[in-house]
Amino acid sequence: MGNMPCIEKILLLLQHNTYGGKEILMIQKNMKERGYSSHLRRFRKGRQVIAFLIFLCMGFSLASCKGGKGEVLVSYKKGKIKGKITRSDLQKIMFLRYSSLRKDDITVKLQTSILKDYASAKLIRLEAPELGLLDDPEYREGTLLSDEKAKIAAYSYHIQKKADKKMRFHFMEIQFLYLEKKKDDKGELLPGGARVEEAERILQVLNDPKTSDTKVEEEIYKQSEHPRYRLVGGYLAPICTSCSDVPLKDIVEQLRVTVKGKFIKTSLPEGSAVWLVRKVKEYEVKKQGISKYLEKYYKKAASIARKYTADLSPAEKSQSFIRQLLMDEKDIKSLAEGKMERLVSTEKRELLPNRLFEIRDKRNYSLNEIVGSESQIVTAPSLDTVLFSVGSKTYSYAEVLERMGGRDNAPKSFPEQMSLTRSVIIPVALLSNESFFEDVKKNPDYAFVRDYLESNILLLLHIKKRAGGEPKVTEQEILEKYNKDKDVLYSADSFAKVKDTVRRRLLRDKYDQVVDKIQKELYKKYNLEIKSDRLKESKV
């Protein structure tokens, strides 16, 4: 990340579970290590246009936070300078950066760390003129289009809050019997391996009017070759059919037009198995009712699983997937709540990109391929080249540069210019006719997001300067660190295998030392007080 512009580092900091310079050099790989790579996979082809916006605005909804928003959690004072961080501020940061966390993961320790880091950013902003940070080219580059970015984030909050009051989810309950196709070592079907005749015979039994639901469950237990779902009568967890990403979409689409209760024979596109599947029920559920709705499924599945696993040996019952099926009520409630939180969070994150795609379709949007994220073009075109259009309005390269403050203020490289065009300028152009968007600056969330972004850029820049630039580690330091930690962390790994991991840990440690020193100095200078006694586990 040594050559990455300051703004890109800040965006990565906002995108993932890192902050305040402590893991600056680990961000790109840590986003996978910490489980955030799934967010990236959610962006379907073409959504790179708004990738930054989705991350910046993800989960920017405060509707679920109740009470005490003005309660002071951090205070500081130096002479006539006074300041505070309130519960409302913490709520906004949590939802900006941690929307994927479950309630149980929102610990007092995590909240305290976030408050400390945001306080550091706010105090560095006070110190910025004296430190000369405001005149630094990296700061100017980092705050380029910060007005537009804050407007988009506040707009995202607006549409999420509006949707939060009326969010409804459509679910389909599915029951299936699974037959694995039989193939040889080369992957070729064996004679009769498609199992067509066998599937047809089972299908007749399943669809026989005399076959009760209990008999269907028993038939699935006997015939299905899916190790997990045969033990729960073939009932899948309810599938959200109104969500942005629908699991088993091909099968769901077939069942939409199929009579409820009737099994059909189908398969997934990869065709590795035959599915005998039916639609059991379809429900519309309000957001508040999702957890209870899912609890009913898990309780039913656990009850069926107990019936079919009663005669298993203790060793067989110890298998992880069986233990997961035989959950008690406490675990079922926790699982249902977690699923609900992730589902709602995901759908809220999709509101902005979905709205932008709707506008694109309505307003006759077109994009020059040189702007696309897959473009290999690194040389800037002529100034009159049209980069994109929305309706009858065209946007030339010259106009895009002007919106970036002119050629002197714009990023120097053409790919970086186009990245900013995709992530900010195009979405602003698409949203320009939207009600509320032009007046969004009047919304207090606009001011918060802009301050949050710019303050963190200043903090990161100050950390970099105090560290003497990007920190470095030697081969000897890496080897010593490996030998010191190998018995605990790397007992099964060779030095060559974990060398990069050790290097990142060392770099993080060096940044931690700089950040800790900066924080101690600032907290002492401004008499900063964090009121940790007002924080609670699993609640912001």
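A residue counts as partly exposed when its relative accessible area falls between the buried class, under 20%, and the exposed class, over 50%. F436 has 24% relative accessibility and therefore belongs to the partly exposed class. The structure described here is a predicted model. A search of the whole structure finds 32 salt bridges, and the structure holds 1 disulfide. The points below take up the salt bridges, the charged surface, the disulfide, the backbone angles and two C-alpha pairs.

**Salt bridges**

- Side chains of opposite charge can pair when their charged atoms come close.
- E454 and R125 join their side chains in a salt bridge, with an N to O distance of 2.8 Å; this pair links distant parts of the chain, since E454 belongs to helix 18 (residues 444-466) and R125 to helix 6 (residues 108-131), with their positions 329 residues apart.
- The two partners fall into separate accessibility classes: E454 is counted as buried because its relative accessibility is 7%, whereas R125, at 27%, is counted as partly exposed.
- Both E454 and R125 also belong to a network of salt bridges, in which they are linked with D147, K441, R450 and D451.
- Within helix 10 (residues 213-223), E218 and K215 sit 3 residues apart, which is about one turn of the helix, and they form a salt bridge whose closest N and O atoms are 3.8 Å apart.
- Both members of this helix 10 pair are partly exposed, E218 with a relative accessibility of 23% and K215 with a relative accessible area of 48%.
- Another salt bridge is made by the side chains of K393 and E399, at 3.3 Å from N to O; here K393 is partly exposed, because its relative accessible area is 37%, while E399 is buried, because its relative accessible area is 18%.

**Positive surface patch**

- Four lysines, K260, K281, K296 and K300, form a positive surface patch.
- One of these residues, K281, is placed in strand 6 (residues 273-286), and its relative accessibility of 36% is the reason that K281 counts as partly exposed.
- Why can K281 be a member of such a patch? Patches are made of residues with over 30% relative accessible area and no salt bridge, and K281, at 36%, therefore satisfies the accessibility condition.

**Disulfide**

- The disulfide is formed by C240 and C243, whose sulfur atoms are 2.1 Å apart.
- The link of C240 and C243 is right-handed, with an angle of 85° about the S-S bond, and both of these cysteines are buried.

**Backbone angles**

- Most residues other than glycine have a negative phi, and most peptide bonds are trans.
- F436 has a positive phi, near 80°, although this residue is not a glycine; F436 is placed in the loop between helix 17 (414-431) and helix 18.
- S538, likewise not a glycine, has a positive phi of about 65°, and S538 lies in the segment after strand 10 (529-530).
- With a relative accessibility of 27%, S538 counts as partly exposed.

**C-alpha pairs separated along the chain**

- Y221 is found in helix 10, where its relative accessible area of 25% makes Y221 partly exposed.
- The C-alpha atom of Y221 is separated by 6.1 Å from that of G233, a residue 12 positions apart from Y221 along the chain.
- Which class, buried or exposed, holds V344 of the predicted model? V344 lies in helix 15 (residues 329-362), and V344 counts as buried because its relative accessibility is 7%.
- The C-alpha atoms of V344 and M167 are separated by 8.8 Å, although these two residues are 177 residues apart along the chain.

Methods:
Residues are numbered from 1 along each chain as its sequence is written. This is a predicted model: local features need pLDDT of at least 70, side-chain atom pairs count only at pLDDT 80 or more; totals for chains, interfaces and linings use all residues. Side-chain values use heavy atoms; hydrogens and water are left out. Patches are made of residues with over 30% relative accessible area and no salt bridge: like charges are joined within 9 Å, nonpolar side chains (Val, Leu, Ile, Met, Phe, Trp, Tyr) within 5 Å. Accessible areas come from the Shrake-Rupley method with a 1.4 Å probe; for residues, only the protein chains shown count as cover. Lys and Arg count as positive and Asp and Glu as negative; His and the chain ends are not counted. The place of a charge is taken as NZ of Lys, CZ of Arg, CG of Asp or CD of Glu. Helices (H or I, at least four residues) and strands (E, at least two) are DSSP runs, numbered from the N terminus. Buried means under 20% relative accessible area, exposed over 50%, partly exposed in between (1.4 Å probe, protein chains only). A disulfide is a pair of cysteine sulfur atoms within 2.5 Å.
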